[in-house]
Amino acid sequence: MRLRTSCPVCGFRAGRTVDSFADGGSFIRIRECGTCGFLFADRELTVEELANLEDDLAAREGPATGAPAIEAGVRSHAFLVDLVRRWIGHGERVLEIGPGFGYGLAALRRASFDAVGVESSAGRRRLAQTISGAAVYPDMGTLPAEMVFRLAVMWHVLEHIDQPVEFLKSIGQHLATGGLVLLQVPSFEHRQSFRRTLRTTELFTQVHLSFFTRMTLAALLRAAGFGLMQMEMDETNFAITATARLRSAA
Ligand SMILES: [Zn+2]
């Protein structure tokens with residue numbers, strides 16, 4: 001773990017502290033870039049460090065055991081199927097990045113989507129494969145180069161990514177022409193709501209490296225070559241849901 005000294009989107013090396021919190025024995029400051037306004041934690045996590053932290057969390061959460069619990073998990077992801085259906089047709093190929101235990105992947109497959117996963121945590125990857133029956137790869141680099149998707153889903157993933165612009169571009173390389181990303185991130189605009197309702201750890205955790213307002217999310221997507229199609233606030237989850245389309249290369 002190292003201190004981050006420059007903006008992960010534009011590289012500018014200064015910014016003011018807009019918030020701070022303690023987690024996992026670290027004191028973490030949230031910086032606002034002085035040039036592009038992006039909000040980021042003042043430290044970096046390699047993919048391996050993040051995977052280890054996520055493995056620890058996965059071990060603590062424990063896997064759902066027993067068919068009824070798994071069935072409930074899959075059913076609770078019907079919302080994801082409904083959202084995907086707004087954008088693409090029956091049977092099309094979908095990538096879910098960060099599928100966790102694989103409930104979303106299972107729900108998508110049950111709805112006849114050709115769903116594939118990418119999950120960096122080895123523990124969660126095994127569970128996701130077992131629960132969903134989908135192929136789950138360790139990272140974008142291990143996806144077969146010829147594998148192309150109509151849509152990529154990322155539910156509470158982007159805020160964990162150390163180099164978000166490069167990461168989104170790597171997804172773009174696996175999207176069909178005009179392909180879409182459909183994502184949700186916790187809303188930094190709701191930081192007082194998280195505090196007021198004692199849900200602070202859903203936003204202020206050491207595994208979050210970026211913090212999003214509607215403005216900074218739109219700017220990040222733009223910087224990575226995506227055009228915003230839709231963005232809405234999820235007032236239940238204090239989160240921002242967005243859909244963006246890959247712009248064709250100039
Ligand atoms: Zn910046």
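A crossing of two helices is called right-handed if the near helix is turned clockwise from the far one by less than a right angle. Keep that in mind while looking at this predicted model, where α3 passes α4 in just such a right-handed crossing.

Let's stay with that pair for a moment. Helix α3 covers residues 78-87 and helix α4 covers residues 103-110; their axes sit 8 Å apart and make an angle of about 55 degrees. That makes α3 oblique to α4. On the α3 side, the contact is made by Ala78, Leu80, Val81 and Val84, and these meet Gly104, Ala107 and Leu108 of α4. Sorted by character, the residues of this contact come out as six nonpolar, one polar and no charged.

Now over to the sheet. It is an open one with seven strands and mixed pairing, and its order reads β8-β7-β6-β9-β10-β13-β12. The edges belong to β8 (136-137) and β12, and each has a single partner strand, so one side of each is left without a neighbour in the sheet.

Zoom in on the β12 end. Strand β12 (residues 226-234) pairs with strand β13 (residues 239-246) in the antiparallel sense, over eight bridges. Along this ladder, Gly227 has Arg245 in β13 as its bridge partner, while Gln230 stands opposite Thr243. Four residues lie between the strands of this hairpin, and Phe238 takes a positive phi there, near 50 degrees.

Finally, a helix joins the picture: α8 (residues 214-223) lies across β10 (175-186), β12 and β13, and runs at about 155 degrees to β12.

Definitions and conventions: Residues are numbered from 1 along each chain as its sequence is written. This is a predicted model: local features need pLDDT of at least 70, side-chain atom pairs count only at pLDDT 80 or more; totals for chains, interfaces and linings use all residues. Axes are lines fitted to C-alpha atoms, for helices over the stretch in contact, and angles run from 0 to 180 degrees between N-to-C directions. Helices (H or I, at least four residues) and strands (E, at least two) are DSSP runs, numbered from the N terminus. Angles under 35 degrees count as roughly parallel, over 145 as roughly antiparallel, 65 to 115 as roughly perpendicular and the rest as oblique. Two residues are in contact if their C-beta atoms, placed from the backbone, lie within 7 Å. Ala, Val, Leu, Ile, Met, Phe, Trp, Tyr, Cys and Pro count as nonpolar, Asp, Glu, Lys and Arg as charged, and the others, Gly among them, as polar. Two strands pair if DSSP finds at least two bridges between them.
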